[in-house]
Structures are given as structure tokens and as C-alpha cells.
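Welcome, and thanks for taking a look at this one with me. Here are a few points that may help you find your way around.

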Amino acid sequence: MAKKKVRLGLIGCGGNMRAHAQRLLEDGAEICCVADPFEDAAKALFERAGREFPWYDDWRKMIVDNQLDGVVISTPHNVHYEQACESLKRGLHVLVEKPLTPSSKQNQALLKMAAEQNRILMVAYQRRFWPTYAYGRELIRKCQLGEIKGMVGYVTQNWGRAGTWRMDPVQAGGGMLMDTGSHLVASTIWMMGMRVVELSAVVENFDQPVDINSLVTMRFENGAMGTLSFIGNAGQHDERHSFHGTRGSLVYHLHGWRVQSTLVNDEPMKLPARYKETWPDNEFLKYVRNGGKGYVPPVFAVEVAKATEAIYRSAA
């Protein structure tokens, strides 16, 4: 049976959006139009997709001129709020690249607006939809590891050479922590299901306009403690994330943006068959197609922003 067509507009045509576009097309979405102030970026997306779409240099005109079901946003962080807000006002479903916005207040406002408009609002934190992470969260929530007492995580990347708008504190809202590091903050809060109630942070910019390396210690509402490290001047991506309870431990290792191993009590995770790999794009299309059945608003994104804001305040 053919999947219900979902008519989408893409706001931003950079590298992240090119990956989104490929997954959306593979899942049967109809990309009706794209918007980016730079035509070369749009042409690069067309090449990756193997086809062309109507291009706008003004995203506002795009969402007015086309009959769309939703938009996907992958743009500098400081414009996420305005673009998502205007799209929701026009009755469109919205998928936003991480972070939702750099501001906890803006995140709260978008969640409220999406609820009032009865529209899907999602943020593209992929780890939420990967089977080993989803099952690991289930283990934590069902206390299979006992009461969580500690958490340790780090992510490394040669991020300092990212260039473009990511090195602009106004457009990006921060550096490595706000960008790649946001995945680690989001995974921590989503997996543990707890608020961070206290933290302390040191940040090093290395004479750059935004943060490159950060070290954070934190305490959660149940008294558990943890550390997160964000290293943006390493040679390559490597990432570990571990959760430690009174009855066991859960350890993830990613390298080169792929999950290399997941250990439960030092043994490879035995993943139930009910868990299948999916991506934010696929889940977004599923919820739009089924009228929101099973959709859970990304309220954790507010806590992610609050923790990130607190890290920068502490470091300052």
C-alpha cells in the first residue's frame, strides 16, 4: 500500500539538510520546494538528491506560495525560533535540526504554540530513535539498572575547523557545546528522565569567538552525579556515554558517527526484536501521516536548553 504523500518545504540547504532530504525522499515524502539565501547550496542539495526542486531565496515567500503539510528546518540556530514560529502559525508541522532553539523560553513558547495549533513539532536528535538508545532508556526507566547514581560522557571532534556560521556566536548561540555537544546533553536528559538541578562548568575558547572545549559536572534531582566533556579540537569523532545504577551499568561507544558497541553490565546488549532503527525524518513523516498517533512533544528540549544556558553562565 502506497504511503500517504506528505508535502514538505525545506528551509536551509546545507550539509545536514542534504542528508535529511535523502531520507525524506526514500520514505516517500514529496519535497515541493526549498529555501536558502545561497543558490549554490540549493544546487548542492539537488545534486545529492538526484533531482531539482523550486528554489526560493526567501523562506517566508516559500511557505506562503506553496500548499505544504510541513517544513524541515536546518539553518543557523538563531533563526530556528522565527522560522518554526511562522510555520506553526501557518498550520504547518515542523521538524527542526538540533538544538530546537538556543533559548529555553523560546522552546517553551514553540511547544505551547504547537499544542494550540495541534501540530507536530520535533527536534532532530537522532539518538532518541536508534534502537540501542531507545532500549537503554527503557532499561533505565524500568529500573533494570537499579537507581541511577552516576553518569559519564564525552564527545570529541575536529570541530574547530567547522567554520561558516557555526563560529559566529550570534548565529550559532555557542560553539561545540551548542552544536555537536547538544546531542550529548539531550541524550543525558532524555535517557535519565531527570532534571539537572546543579552544575559547574569550565569552557575554553582557544582565542576563537565561541567555545571549543568544555567540562561540566552536574547533579540530578535524585542526587545522582555526572560529568560531560566536549572536546572540539581533537582529531576525529569519538564518543562514550555511560549510566551507572545500583544494579548495573549501561555503556555506549560511538566512533565516526556510528554506534560501535553497547554494553549492559559489560556484555553486548541483547536488543528485543520490537526495536527497529529509524530516524527523526521517518518518525516525523509517520506522525504527520497518522494524525499524531504516538507522538510525544519534545518537552525534554526545554531542559536541554536550560542546562546549556546554565553551563555558559557557570563558565562565565
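1. A word to start with: a residue is called buried when its relative accessible area is under 20%. Please also keep in mind that this is a predicted model.

2. Let's begin with helix 8, which covers residues 181–192. Of its 12 residues, 12 are buried, so the rest of the structure largely encloses this helix. The buried set runs through G181, S182, H183, L184, V185 and A186, and continues with S187, T188, I189, W190, M191 and M192.

3. The length of helix 8 also works out nicely. At 1.5 Å a residue, its 12 residues should span 16 Å, and the C-alpha atoms at its ends are 17 Å apart, which agrees. Just after the helix comes G193, with a positive phi of about 65°.

4. How many cavities of 30 Å³ or more are there? The count comes to 2. The largest cavity holds about 40 Å³ of space. Its lining is made of P99, T101, P102, L177, M178, S182, V304, A305 and T308. Helix 10 (residues 300–315) gives the largest share of that lining, 3 residues. By type, the lining divides into 6 nonpolar and 3 polar residues, with no charged ones. You will recognise S182 from the buried residues of helix 8.

5. The second largest cavity has about 30 Å³ of space. Which residues line the second largest cavity? They are Y125, R127, R128, A186, S187, W190 and F300. Here helix 8 supplies the largest share, 3 residues. This lining divides into 4 nonpolar, 1 polar and 2 charged residues.

6. Now to the strands. Strand 12 spans residues 249–255, and 5 of its 7 residues are buried, so the rest of the structure largely encloses this strand. On one side of the pairing list is strand 11 (residues 233–245), which runs antiparallel to strand 12 and is joined to it by 7 bridges. One such pairing matches H244 with S249 in strand 12. The hairpin between strand 11 and strand 12 passes through 3 residues.

7. Strand 12 also pairs with strand 13 (residues 258–264), again antiparallel, through 6 bridges. Among the bridge partners, V251 is matched with L263 in strand 13. The hairpin of strand 12 and strand 13 has 2 residues between the strands, and G256 takes a positive phi near 60° there. As background, side chains in a regular strand alternate between the two faces of the sheet.

How values were computed. Residues numbered from 1 in each chain as written. Predicted model: local features only at pLDDT ≥ 70, side-chain atom pairs only at ≥ 80, totals over all residues. Heavy atoms only, no water. Buried < 20%, exposed > 50% of the residue type's maximum accessible area, 1.4 Å probe, protein only. Helix = DSSP H or I, 4+ residues; strand = E, 2+ residues; numbered from the N terminus. Pairing = 2+ DSSP bridges. Expected span 1.5 Å × (residues − 1). 1 Å grid on protein atoms, 1.4 Å probe; cavity = no way out; pocket = protein on both sides within 12 Å on 5 of 7 lines; lining within 4 Å. Points joined across faces, edges and corners; volume = space filled by probe spheres on them. Nonpolar A, V, L, I, M, F, W, Y, C, P; charged D, E, K, R; others polar.
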